[in-house]
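This report goes through a two-chain model, beginning with single loop residues and ending with the interface. The sequence and structure come first.

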Amino acid sequence: MVTRRRFLWQSGLLMAAAGAAPSFLSRASNVLAAGPGSSRYGDDTTLVVVQMSGGNDGINMVVPYGLDGYHQARPNIGIADGAVLPLTDSIGLHPQMGKLRDLYQDGRVAIVQGAGYPNPILSHFQSMDVWQHASPDGSRHEGWLADYVATTGGAGQNLMYAASVTDSLNPALQGPGVMVPSIASLQTYQFRADQRYPNDREPVLAVANWMYSQNYGANTLEGLVARTAGAALSSVAEVQNAAAAYASPVQYPNFPLANNLKTVAELMAANMGTRIYYVAFGGFDTHSAQTNTHNRLLGGFSDSIDAFMRDVAQQGKADKVLVMTFSEFGRRVQENASQGTDHGTAAPMFVIGSQVKGGLYGDYPSLVDLDGNRNLKYAVDFRSVYGTVLEGWLGADQQASLGARYENLGLV
Amino acid sequence: MAVGTDQRRIAHLLRRAGFGGSPGGVADYLRVGFDAAVDRLVDYDRVPNDDVEAQVAAMEGQLDITKLPPIQQIWLYRMLATARPLEEKMTLFWHDHFATANTKVGRPPAMYEQNKLLRANAMGDFGTLLKSISRDPAMLRWLDNNVNRKGSPNENYARELMELFTMGPGNYSEDDVREGARAFTGWFFNRETGFVFNRNQHDTEMKTFLGRTGPWDGDDVIDAILDQPVTARFIAEKLFNYFVHDHPSPTTLNRLADAFRGSGYNIRELVRAILKSPDFLSDDAYHTLVKSPPELVVGMMKAFDITDYVQGAPGLLRRMGMDLFNPPNVAGWNWGAGWISSASMLERLNASNQLTSQRGDNAKLGMDPATAIAKFGARTPQQILDGLVDLLVDGDVQPAARTQLLAYMTNGYTGSPDAFSGDRQRVDRTVRGVAHLIMSMPAYQMA
């Protein structure tokens, strides 16, 4: 049972929401061209965040096959030199990631090596909190994307300014004055009434909407229920229109991430002014018998991203989409006795898109000069990657979003 | 709104210590009074449940329990039909606490055995529960202890044992994780016979765990954890959060934690103390927790005496975010605000529509409007509305909302109020519609 104590801002959320009647159709283009939310790529860029839950083994994803210590640390689960898809003479991709290697060779993939943070935490849940709130010391209580959504057009204006394509709303998108929909699938995202009495639907909806517009207290979960239900009813028609209007010609693989990215592509086709999509998939907690699981996950990951990028391209939006990946931590350098790996620290992040300046960023952490828990020492603060994307792609103010400024890596 | 009336206290108690009341169930508990009702729920060993056990045994014989949906159905049947609602509510608590997922275990019968273990120990001694779950095959597989070998220990179980099951983060070091993992080496299982202690894979050397050095094994580690006052506090707080609200005062928490530790970790007495604490009947508690998916779905079914719809219920729960036996990760589900998203809210509203709009032979989840209103002898629209509002939300509705609901029911109606219940088509349409709306109210989403 996770009862998140980070919901301290809920009163703020409801107060900010109370004044503005949501108008679902207002577009991001309301934002002045040079104002907040506009980068040199325009005011209609889209970020897709891919959360890899469970602690992805970055060392077998971006394989340091030529670095000291790799094969010694991983006699059983290491990737053989001949199987690695080389990027340089010491670094390569996992053999199942051929599609991503092709994108890399096209200059569409930036890989930030050794992304992490000071005093790393080895708990899944605490470390995920760190990444979702961009706050290693736990001092920031709102999601790292929440301020951007609140200040550049989300709050009360465009309910689809950001969307969590997940079962439950991701904490990275939760904060004061923010109401972000979560859309698990387009098929189930609708309001049903008694089909025997079709003329009753509108009167029932009218009473429901009236109920959700009432005041249930500034700082109550009941109020959050009402506001969320009201926002859901407001967005149903638009989402259903999106579902009806677009049938993707791209064949997606049968993989959970692919299903979510396909939903993102369908929503994108409706041109709702959405700037941020958030998707998540899991299974990376490979403490034992890692190889088969990791092969399947990384192959599915690579193929899903490739299908999505092709779908986006045939929509004519290749230049407007950026994908960024992360996991809450990487894994131990030394494999364990059960052909798996225990919780680790730093790991690579991928930033993918046609506008990306492709290549490797940051130094690959040493596999032999380790921290006190025999884990990697991070090379790049992940908040620097967030800051780069916020500033360079979404036209955001780093200070406002992250509470500080981090080095812009210049990858977009 | 305050927990003013006896009726409201009992309805609140049945929502928190169970899955809500049926019309008859509330009346039964109301007759004995609040304190005795708590005791009857807590001392459930004394409540006969033979009919339900017989039906469960029959289902085990008829259904293929090597598959997940049948064991989900059996558990939902228990939640719905049991005479011991707190037994199932506590089993759900421990399932979430020792969150184990079939997605990795891959063996529904092992999940079913774990469910029985949790039920059997749900209100017993916490130390016994810990030592039992540490030997449970599904758990051993889930957290990889079946491959935790001498010489190269696997840290997964030892870490989560401390972080999530007993002490909480910040109360142990990475060294304790490593040393604890060594103590659990060789705790394996065999598919046919269950737990196996593999002597050859167990590290018998000295370990220093939570400041004490010795040749510890897993039971010693659990005993050392139980010696930490923080363990009693961690469990007391989590149970308080589950039954009451998420902000107990330090005084209340200390009192509960001290008594829990002093009792030798007697879970039953801790739960009794929580349910009888003044906090439980405070305004801070009443209608302030978000109903979890089974509380919502089973509660709807109980309100309308629907007893046999368990095939479809697991799917409803899953789409609302709670796939039984498949928590999202070892921390369990995200409760409270975590149940609320636009997608899950639509699922909740659509579930109430499904319940109120089904008809005919397939209406296993369906309410029958005439039967529903006959239960409270209602004839006029006002009486029907009052009856449904009392049944579903203890009458916790603002006057303006009643006005809206009544206007929906009577729009275009020209007959006398007393003749309303005789207008069969209007009753069919508007009683279903108004029940759908009441179950869509924010108050109905709250436990």
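## Loop residues with positive phi in chain A

The loop between β7 (276–281) and α9 (290–314) of chain A contains A:A289. The model is predicted. A:A289 is not a glycine, yet its phi is positive, at about 40 degrees. Its surroundings hold 14 other C-beta atoms within 10 Å, so A:A289 ranks as partly exposed; the exposed class would need 12 or fewer.

A second case is A:N119, in the loop between β5 (109–116) and α4 of chain A. A:N119 is also a residue other than glycine, and its phi is positive, near 50 degrees. Is A:N119 buried or exposed? It counts as exposed, because 9 C-beta neighbours lie inside 10 Å.

## Helix α4 of chain A

The loop that holds A:N119 leads to α4 of chain A, which covers residues 124–133. Of the 10 residues in this helix, 8 are buried, so the rest of the structure largely encloses α4(A). The buried set consists of A:H124, A:S127, A:M128, A:D129, A:V130, A:W131, A:Q132 and A:H133.

Which elements do these buried residues pack against? They pack against β8 (321–327) and α10 (382–392) of chain A. After α4(A) comes A:A134, which has a positive phi near 50 degrees.

## A three-stranded sheet in chain A

In chain A, 3 strands make up an open sheet with antiparallel pairing, in the order β2-β4-β3. The edges are taken by β2 (62–63) and β3 (85–86) of chain A; each has a single partner strand, so one side of each has no neighbour in the sheet.

Strand β2(A) is joined by 2 bridges to β4 (residues 92–93) of chain A, and the two run antiparallel. Within that pairing, A:V63 has A:G92 in β4(A) as its bridge partner.

## Chain A as a whole

Chain A contains 11 helices and 11 strands. Taken along the principal axes, its C-alpha atoms fill a box of roughly 70 × 45 × 45 Å. The radius of gyration of chain A is 22 Å, in agreement with the value near 22 Å for a compact globule of 412 residues.

Among the 412 residues of chain A, 56% count as buried. Of the contacts in chain A with a separation of 6 or more, 73% involve residues 24 or more positions apart.

## Domains of chain B and helix α5

For chain B, the domain assignment lists domain 1 (6–42 + 229–281), domain 2 (50–226) and domain 3 (369–447). The centres of domain 2 and domain 3 of chain B, taken over C-alpha atoms, are separated by 47 Å.

Helix α5 of chain B spans residues 68–81, 14 residues in total. From its first C-alpha to its last it reaches 20 Å, close to the 20 Å expected at 1.5 Å a residue. How many of its 14 residues are buried? The count is 12, and α5(B) is mostly covered. Among the buried ones are B:W75, B:L76, B:Y77, B:R78, B:M79, B:L80 and B:A81. The cover over the buried residues includes α4 (50–62), α6 (85–97), α7 (102–105), α8 (108–120), α17 (293–303) and α18 (313–319) of chain B.

## An exposed loop residue in chain B

The loop between α22 and α23 of chain B holds B:N411. B:N411 is exposed, because 11 other C-beta atoms lie within 10 Å. From B:N411 to B:T430 the sequence distance is 19 residues, and the C-alpha to C-alpha distance is 9.8 Å.

## The interface between the chains

At the interface, 59 residues of chain B contact 52 residues of chain A. On the chain B side, the elements giving two or more residues are α6, α11 (156–166), α14 (229–243), α19 (342–357), α22 (399–410) and α23 (424–439) of chain B. The largest share of that side comes from α19(B), with 10 residues. By class, the side of chain B that touches chain A has 26 polar, 21 nonpolar and 12 charged residues.

Two of the elements on this side, α22 and α23 of chain B, also bound the loop that holds B:N411. Helix α6 of chain B, likewise on this side, is among the elements covering the buried residues of α5(B).

Notes
Residues numbered from 1 in each chain as written. Chains lettered and ligands numbered in written order. Predicted model: local features only at pLDDT ≥ 70, side-chain atom pairs only at ≥ 80, totals over all residues. Helix = DSSP H or I, 4+ residues; strand = E, 2+ residues; numbered from the N terminus. Expected span 1.5 Å × (residues − 1). Buried ≥ 20, exposed ≤ 12 C-beta atoms within 10 Å, placed from the backbone. Contact = placed C-beta atoms within 7 Å. Pairing = 2+ DSSP bridges. Nonpolar A, V, L, I, M, F, W, Y, C, P; charged D, E, K, R; others polar. Rg over C-alpha atoms; globule rule 2.2 N^0.38 Å. Domains from an automatic or database assignment.
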